[in-house]
Amino acid sequence: MADILIVEDEDDIANVVQDVIVRQGHSVQRASSGTEAMQFLRVANYDLVILDWMLPGLAGVDVCKNYRRLGGQAHVLMLTARTTVDEKALALDVGADDYLCKPCHIKELLARVNALLRRPALMIHETIVFAGWKLDPKMGTLTRDDKVILFLPRETELLVFLLKNSDSFFTAEVLLERVWPVSSFVQPETVRTHIKTIRKKLARPDFAGFIDHMRGYGYRIRQ
């Protein structure tokens, strides 16, 4: 049995989702606003958060972003009427694990929920020290002395994965499976775009050649 938080201000939708999930044997708590959701997330541990985007008080993407900044490890499924590519990309970048557009078939919702609940948590919290810099995965910050570089949650996860496996190359397709293992929306080009963004943020002489790329083998970090 999993503990699941449903964040939805439309009662009809929330009731249907709750009823289906409870029938699967899971425990459900509900929040009707982004502010209320953050109150719950600060004091309780959940296995999964089903999160709408358009919420009173605080938008769903901001709830997700703030939750990840606090070190929240529960999987996040965005269930929303927002359907543009940019909106999906933003939600995934700030830490959502999957994105499902409303209206959806209840069988697909359950399939996504079950896939997320089978997935082990990916977040890593210990500080990583390399080349005189300190990476704090919880805060998404890379610091040295008074210098600070900020990363979005998905960029942080990608950077952490490459740092933890710095002796190996990984293709964009493999990184997609390891860092974005659920969402069918993300394509390998998204991984390449994230690598480019990280490189821009690390555009400093001491990070020259930090992320190496070899055609046919993929990416790795040089330490």
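Which residues touch the most other members of the largest nonpolar core? Keep in mind that you're looking at a predicted model, then select Leu142 and Phe210: in this core of 30 residues, those two touch the most other members.

Stay on Leu142 and show its surroundings. Leaving out residues up to four places away in sequence, Leu142 touches Phe130, Trp133, Lys134, Leu135, Lys147, Val148, Ile149, Phe151, Leu202 and Phe207.

Now color the elements that feed the core. β6 (128-130), β7 (133-136), α6, α7, α8 and β11 supply at least two residues each, and α6 gives the most, with six. For a detour, pick Leu55, Val63, Cys64 and Val76: they are among the 24 residues of another core, which lies apart from the one you just colored.

Next stop, helix α7. Select residues 172-179 and look for Ala172, Leu175, Leu176 and Val179, which are buried. Those four sit on the same side of α7, because they cover an arc of only 105° around the axis. It fits the usual helix pattern: with 3.6 residues a turn, residues three or four places apart point the same way. Add α6 (153-164), α8 (188-201) and β11 (218-221) to the view, and you have what the buried residues of α7 pack against.

From β11, step across to strand β10, residues 211-214. The two run antiparallel, joined by four bridges. To see one pairing, click His213, whose bridge partner in β11 is Tyr219. Finish at the turn of this hairpin: three residues lie between the strands, and Gly216 takes a positive phi near 90°.

Terms used
Residues are numbered from 1 along each chain as its sequence is written. This is a predicted model: local features need pLDDT of at least 70, side-chain atom pairs count only at pLDDT 80 or more; totals for chains, interfaces and linings use all residues. Side-chain values use heavy atoms; hydrogens and water are left out. Buried means under 20% relative accessible area, exposed over 50%, partly exposed in between (1.4 Å probe, protein chains only). The arc is that of the directions from the helix axis to the C-beta atoms. Contact means heavy atoms within 4.5 Å. Two strands pair if DSSP finds at least two bridges between them. A nonpolar core is a set of buried Ala, Val, Leu, Ile, Met, Phe, Trp, Tyr and Cys residues joined through side-chain atoms within 4.5 Å.
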